[in-house]
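User: I would like to go through this model in questions and answers, with the reasoning written out at each step.

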Amino acid sequence: MLAKIMLGDAGAGPGALPIRVRAWDGSAVGPVGAPGFVVRHRRALRRLLWKPGEMGLVRAYVAGELDIDGDVFAALGAVARVMRDGAGPIRLSGDDKRDIVRTAVTLGAVGPEPKPPPEEFAPGDRDAALAGPMREPTAFFARILGDGLPHGIAQWDGAADLDAADLDAAGLGAAQAAAHAAVAERLGLVPGARLLDLDCGWGAFARYAAAEHGARVVGLARTSEQAAHVAALALPNVEARGFDLDDAGDGPYDAIVGLAGIAPAHRPAARLRELLAPGGRLVLRQPVRRPGPHPVRRTFTTGYLVPDGGEPPTLGALVDDLDEAGLDVRSVVSLRDHCARTSRAWAAGLQEHWDECETLAGAGRSRVWLLYLAASALACESGRLGGHEISAIRLDREGRPRP
């Protein structure tokens, strides 16, 4: 049944499956040694029958009815290759379709559509949209992000050559420190400069900018818990405000920074220009997707992480927005390798502290975050998703950048 669903008429039988699947009764299919999945409950098959593809798999995994046996990256990568790399759509004969239904009936997998797991946002859920993706406690994210809770894309020297040993807490900390130094340099921070941090998280970059460069920082915090965490740090020259761009006030700011990592934060380019002083600098580190048709549909990201506007823009659209707003784009640098390595390092932190994270946030939400981080890393590595740093300047009244 699985071979027919995944491979179609062109498949060579169960031995051609790129994964090994073990069922609740101990039976298994697929090559020994291949990335493994465990179907713990027949309800997982019912979910796949009702929602073939991404959402069926996600719901079964988040609900604990489907497990990954071994390396989560290898397992998800194998499934993604089958779903995306085929020469065309899967074709099933009438006999195959009848066999699949007959097998599903025999397994008790036919019945009403199961309810989504409670971790999934209902369509149009305003409360979920307001809460955003960062609903877990600060202690949960501390296990993932490491000391100081830096949440932006880290900067890894020789990122393409790193192995798993480099993704430990020490390696992540050094890479985040390198990213902070590089961003601060491009912002041209000087003592007394007024800096707006568009998504300050738990204050990691704001703390660095104030302590190392003497900047006066206003940080926009996505959640009240983030704002409270920054306030409790009692950092000199750092103030946390609400996440709405109106909370930034009227400016002007000498520099504006946006370090999207765990979750992107889109901001109107025209408003950023208004807030930026003539000659001021803007640096955005932003996830982007590849151009092309982008049908509006419910996805894992919009169903579990970011209910409103969860899909990142294309690089071209982002640069065009800044240019049309009157900001002079000076450089665009690819961070795709760094984005993939950062997501892998965060996933490693989550797996290392799995029991604690389950206690802090629950098993379902821990699974959501592991799936999100692993899928993000794989999407970057395959080129379907990327990260870029965009630097821009608001020219002064004579059309010149700030000295």
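User: Which aromatic cluster do Phe140, Phe141 and Trp202 belong to, and which residues complete the cluster?

Analyst: This is a predicted model, and in it Phe140, Phe141 and Trp202 share one aromatic cluster with two further residues. The residues that complete the cluster are Trp369 and Tyr372.

User: How many aromatic pairs does a search of the whole structure find, and what is the geometry of the pair formed by Phe141 and Trp369?

Analyst: The search of the whole structure finds six aromatic pairs. One of them is formed by Phe141 and Trp369, whose ring centres are 5.4 Å apart. This pair links distant parts of the chain, with Phe141 in helix α7 and Trp369 in helix α16 (residues 363-382), 228 residues apart, and both residues are buried. With 90 degrees between the planes, the geometry of the pair is edge-to-face.

User: Which residue has a side chain that makes a polar contact with Trp156, and at what distance?

Analyst: Trp156 lies in the loop between α7 (138-145) and α8 (169-187), and it counts as buried because its relative accessibility is 5%. Its C-alpha atom is 8.2 Å from that of Ala179, a residue 23 places away along the chain. The side-chain polar contact of Trp156 is made with Thr342, at 3.1 Å.

User: Is Arg365 buried or exposed, and which backbone oxygen does its side chain reach?

Analyst: Arg365, which lies in helix α16, counts as buried because its relative accessibility is 7%. When residues up to four places away in sequence are left aside, Arg365 touches Glu119, Phe121, Pro133, Arg135, Glu136, Tyr304 and Leu305. The backbone oxygen that the side chain of Arg365 reaches, at 2.8 Å, belongs to Tyr304.

User: In what order do the four strands of the open sheet stand, and why do β2 and β4 each have one side without a neighbour?

Analyst: The pairing in this open sheet is mixed, and the order of its four strands is β2-β1-β3-β4. Strands β2 (28-29) and β4 (66-69) stand at the edges, so one side of each has no neighbour in the sheet, the reason being that each has a single partner strand. Further in, β1 (residues 20-22) and β3 (residues 36-39) pair in the parallel sense over three bridges, and there the residue opposite Arg20 is Gly36.

User: Which salt bridge ties strand β4 to the loop between β3 and α2?

Analyst: A search of the whole structure finds 17 salt bridges, and one of them joins Arg40 to Asp67, with 2.6 Å between the closest N and O atoms. Arg40 lies in the loop between β3 and α2 (43-50) and Asp67 in strand β4, so the pair ties together parts that are 27 residues apart in sequence. Arg40 counts as partly exposed at 47% relative accessibility, whereas Asp67 is buried with a relative accessible area of 14%. The salt bridge asked for is therefore Arg40 with Asp67.

User: Which residue in helix α16 is linked with Asp67 across 300 residues, and over which ring does the charged end of Arg367 sit?

Analyst: Asp67 in strand β4 forms a salt bridge with Arg367, the closest N and O atoms being 2.6 Å apart. The partner in helix α16, 300 residues away, is Arg367, and both members of the pair are buried. The charged end of Arg367 sits 4.7 Å from the centre of the ring of Tyr61.

User: Which residues are linked with Arg59 and Glu120 in a network of salt bridges?

Analyst: The side chains of Arg59 and Glu120 meet in a salt bridge of 2.8 Å, N to O, which links helix α3 (residues 54-62) with the loop between α5 (94-106) and α6 (126-131), 61 residues apart. Arg59 is buried with a relative accessible area of 8%, and Glu120 is buried with 10%. The network that contains these two also holds Lys51 and Glu113.

User: How many residues of strand β11 are buried, and which residue in β11 is the bridge partner of Val332?

Analyst: Both faces of β11 (residues 385-393) are covered, and nine of its nine residues are buried. Strand β9 (residues 276-289) pairs with β11 in the antiparallel sense over nine bridges, and six bridges join β11 to β10 (residues 328-334), again antiparallel. Ile390 is the bridge partner of Leu284, and the bridge partner of Val332 is likewise Ile390.

Notes:
Residues are numbered from 1 along each chain as its sequence is written. This is a predicted model: local features need pLDDT of at least 70, side-chain atom pairs count only at pLDDT 80 or more; totals for chains, interfaces and linings use all residues. Side-chain values use heavy atoms; hydrogens and water are left out. Two strands pair if DSSP finds at least two bridges between them. Helices (H or I, at least four residues) and strands (E, at least two) are DSSP runs, numbered from the N terminus. Buried means under 20% relative accessible area, exposed over 50%, partly exposed in between (1.4 Å probe, protein chains only). A polar contact is a pair of N or O atoms within 3.5 Å; within protein, one must be able to donate a hydrogen and the other to accept it, and residues adjacent in sequence count only if both atoms are side-chain atoms. Rings of Phe, Tyr and Trp (its six-membered ring) pair if their centres lie within 6.5 Å; planes under 30 degrees apart count as stacked, over 60 as edge-to-face and the rest as tilted. A charge sits over a ring if NZ of Lys or CZ of Arg is within 6 Å of the ring centre and within 35 degrees of the ring normal. Contact means heavy atoms within 4.5 Å. A salt bridge is a side-chain nitrogen of Lys or Arg within 4 Å of a carboxyl oxygen of Asp or Glu.
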